[in-house]
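Got your viewer open? Load the structure below and get ready to click along.

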Amino acid sequence: MRRFQRVLLFLDGGECDAASARVVEDLVRRNGAELTLFCAVDEPETEQLLATIATGFDVDTVTHVETCDPVKAIGRRVVGGEADLVVTLDDESPPSWNTGQLLRTCPCPVWVVRPTVATLAPTGWNVVAAVDPTSDASALDVLILELASSMVERAGGVLHVAHAWEMIGSVTRPGRRLSGRFDVTYDELIVQARAQRADMLDEMLDRIRPFAIERQVHLAHGAPESAIPRVLDDVDADVLVMGTLARTGIRRFMIGNTAERVLGSARCSLMAVKPPGFVSPFAEQIHA
């Protein structure tokens with residue numbers, strides 16, 4: 001079970017609504033973690049503002065104000081061991097610049113909470129884990145499933161495992177028979193491809209064996225930025241857990257673009273995960 005110990009709540013602009021505070025507070029309490037409120041606004045009243053916000057949390061809270069580039073400062077704090085989960089509040093679509101940069105560069109998981117839909121559901125959360133059984137990034141999928149399973153195990157609810165897939169380079173329209181060596185229609189090929197992906201997903205889940213909680217599997221046809229939001233809407237998702245690096249094997253090739261596009265279409269919160277071995281751009285700075 002994944003367990004966070006040091007949670008950093010980035011208050012971009014120095015504001016925190018009551019609903020988001022309750023969601024963050026619940027996560028901190030369930031994990032027995034420490035909570036730090038962080039702000040990088042160069043205003044005389046910022047420290048007092050954070051101190052006032054801190055009184056609204058029913059958990060031990062410390063505050064930190066720093067006049068700096070917030071993304072770089074947060075990255076350095078994470079690399080230095082001062083945080084293992086970064087939370088930011090963002091209702092923008094597409095997400096704000098700082099949120100996008102955190103998704104791309106922050107070495108620890110980043111939880112983007114949507115203030116307008118933040119809630120503590122009495123029956124638990126619908127948590128969607130977006131995975132790809134066709135890639136060689138199995139370690140990233142393990143982290144995604146472990147984190148999503150842990151959230152459901154602690155808060156209750158249902159784990160939804162989602163895989164977005166598409167036919168690359170489709171050569172004809174639905175209902176038409178393919179020419180050449182394919183003696184099948186496009187529709188038949190789609191059915192075959194979907195069955196193959198389903199088998200691959202089942203095999204991956206059998207290998208990983210997430211926690212013994214209620215689980216549903218969803219195969220969504222289409223590009224991730226369109227298919228995953230459909231799943232989120234279908235299950236009324238509270239949180240999406242997904243990776244934020246390209247699955248091409250190219251070191252540090254970012255797809256913050258994909259995570260950001262999904263976040264731009266989704267109304268639920270996003271928990272973004274980096275793969276094992278991710279090299280933070282701030283690692284050299286902290287050890288210099």
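Here is a short walk through a predicted model, with a few things to select on the way.

**Stop one: the cores.** Select V7, L9, L35, F57, W111 and V241. Out of the 51 residues in the largest nonpolar core, these touch the most other members. Now color helix α5, residues 138-155: the largest share of this core, eight residues, comes from that helix. A second core lies apart from this one; it has 36 residues, including F38, L103, L240 and L263. In general, nonpolar side chains in soluble globular proteins tend to be buried together.

Next, zoom in on L9. Which residues beyond its neighbours within four places in sequence is L9 in contact with? You should find C16, V24, L35, T36, L37, F38, F57, V87 and L89.

**Stop two: helix α1.** Highlight residues 18-31. The end C-alpha atoms of this 14-residue helix are 20 Å apart, which agrees with the 20 Å it should span at 1.5 Å a residue. Show its buried residues, among them A21, V24, L27 and N31. The buried residues of α1 pack against β1, β2, β4, β5, β6 and α5. At the helix start, look for a side-chain oxygen of D17 within 3.3 Å of the backbone nitrogen of A19. After the helix comes G32, with a positive phi near 60°.

**Last stop: the cysteines.** How many disulfides does the structure hold? Zero. Pick C39, which is buried at 0% relative accessibility. Its closest cysteine sulfur, in C68, is 9.3 Å away, so that is too far for a bond. Then try C108, also buried, at 6%: the nearest cysteine sulfur, in C106, is 3.8 Å away, and C108 is in no disulfide.

Definitions and conventions: Residues numbered from 1 in each chain as written. Predicted model: local features only at pLDDT ≥ 70, side-chain atom pairs only at ≥ 80, totals over all residues. Heavy atoms only, no water. Core = buried A, V, L, I, M, F, W, Y, C linked by side-chain atoms within 4.5 Å. Buried < 20%, exposed > 50% of the residue type's maximum accessible area, 1.4 Å probe, protein only. Helix = DSSP H or I, 4+ residues; strand = E, 2+ residues; numbered from the N terminus. Contact = heavy atoms within 4.5 Å. Disulfide = S-S within 2.5 Å. Expected span 1.5 Å × (residues − 1). Polar contact = N/O pair within 3.5 Å; in protein donor to acceptor, adjacent residues only side chain to side chain.
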